[in-house]
Amino acid sequence: MTKRLILTRHAKSSWDDPLMSDHDRPLNDRGNMAAADLGQWLASRGYIPGEVLCSDALRTQETYARIAAEITDPAAVTLKPALYNAGPDVLLAVLRKATADTVMIVAHNPGIAEFAARLVARAPANTEFHRYPTGATLVVDFTEDDWKDVAFGAGATLDFVIPREIAA
C-alpha cells in the first residue's frame, strides 16, 4: 500500500494587531476563503486525509477547520506543538509517526517549503513551489508501506496548487 501526504501551508493570516503573538494570529478574510477553496479542491480530487497533523498555532488550526468544512467525513485533527515553525527534520520525524495511509500536515514557512523541496524526487513545474506561499498544498505519494521508512527524495509529486490558482 502506498502512502500519500498532503502538505499544506496555513492560509493568509491577519497582521491587524501588532501586539498579538505570532502563535495566536488568526486567518484574515482572504485566508478563510482560500482555505475553503482548498477544501473544495481537495474533495474534488479525492485527496481526503485519514489523519491530520497540525501545528498548534491558531492560523493552522483555522486553516484545517475551513478545509474540513468542505470535506465529507473529515479526519479529526491532532495538534502537534512541534510543528510550529518546524524545520524539515522535525516535519519528517512527525510524519514518520503517522498511522493513516493518507496524512495531511498543516504547518509553516520557511520549514515547510524546504521540507517539500527535500521530500520529492522531482519538484512540480509550478514556479511558486520553492516559495511555498500561504495556502500552498503539495500532494505526494510514496511507495513505502510504513511512514517510518519514508526518506527525503523518495516522494513522487502528484499535485501542487496555490489558492489563487483555484479561484482563477
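Four bridges join strand 2 to strand 4, and these two strands run parallel. Two strands are said to pair here if DSSP finds at least two bridges between them, and the elements themselves are DSSP runs, numbered from the N terminus, with helices (H or I) of at least four residues and strands (E) of at least two. The structure is a predicted model, in which local features need pLDDT of at least 70 and side-chain atom pairs count only at pLDDT 80 or more, whereas totals for chains, interfaces and linings use all residues. Residues are numbered from 1 along each chain as its sequence is written, and side-chain values use heavy atoms, with hydrogens and water left out.

## The sheet

Strand 2 and strand 4 belong to an open sheet of six strands, whose order is 3-2-4-1-5-6 and whose pairing is mixed. At its edges are strand 3 (77–79) and strand 6 (156–161), each of which pairs on one side only. From one strand to the next, the twist averages 20 degrees.

Strand 2, which covers residues 51–54, also pairs with strand 3, in the parallel sense and over three bridges. V52 of strand 2 has V77 as its bridge partner in strand 3, and M104 as its bridge partner in strand 4, while L53 stands opposite T78 of strand 3.

Are the residues on the two faces of strand 2 buried or exposed? In a regular strand the side chains alternate between the two faces of the sheet. In strand 2, E51 and L53 lie on one side and V52 and C54 on the other, and all of them are buried, so that both faces are covered. Buried means under 20% relative accessible area, exposed means over 50%, and partly exposed is what falls in between, as found with a 1.4 Å probe and protein chains only.

## Helices that pack on the sheet

Helix 4 (residues 111–119) packs on the sheet, where it touches strand 1 (3–9), strand 4 (102–107) and strand 5 (137–142), and its direction makes about 150 degrees with that of strand 1. Such angles run from 0 to 180 degrees between N-to-C directions, and axes are lines fitted to C-alpha atoms, for helices over the stretch in contact. The buried residues of helix 4 are G111, I112, A113, F115, A116 and L119, and they pack against strand 1, helix 3, strand 4 and strand 5.

In helix 3, which spans residues 88–95, the residues P88, L91, L92, V94 and L95 are buried. Why do they lie on the same side of helix 3? They do so because they cover an arc of only 160 degrees around the axis, the arc being that of the directions from the helix axis to the C-beta atoms. The buried residues of helix 3 pack against strand 1, strand 2, strand 4 and helix 4, where contact means heavy atoms within 4.5 Å.

## Two helices against each other

Helix 1 (residues 29–45) and helix 2 (residues 58–68) pack at an angle of about 45 degrees, and their axes are 7 Å apart. This angle makes helix 1 oblique to helix 2, since angles under 35 degrees count as roughly parallel, over 145 as roughly antiparallel, 65 to 115 as roughly perpendicular and the rest as oblique. The contact is made by N32, A35, A36, L38, G39 and L42 of helix 1 together with T63, R66 and I67 of helix 2.

## Four single residues

The table sets out the place and the relative accessibility of four residues.

| Residue | Place | Relative accessibility |
|---|---|---|
| T8 | strand 1 | 0%, buried |
| L119 | helix 4 | 0%, buried |
| A154 | loop between strand 5 and strand 6 | 29%, partly exposed |
| G50 | loop between helix 1 and strand 2 | 53%, exposed |

Beyond its neighbours up to four places away in sequence, T8 touches several residues, among them L38, T63, I67, M104 and I112. With neighbours within four places likewise set aside, L119 is in contact with residues including L5, L92, V140 and A154. The C-alpha atoms of L119 and T2, which are 117 residues apart along the chain, are separated by 15 Å.

Not counting residues up to four places away in sequence, A154 touches L119, D141, F142 and E144. Which residues does G50 contact, leaving aside its neighbours within four places in sequence? G50 is in contact with A75, A100 and T102, and the C-alpha atoms of G50 and L27, 23 residues apart along the chain, are separated by 24 Å.
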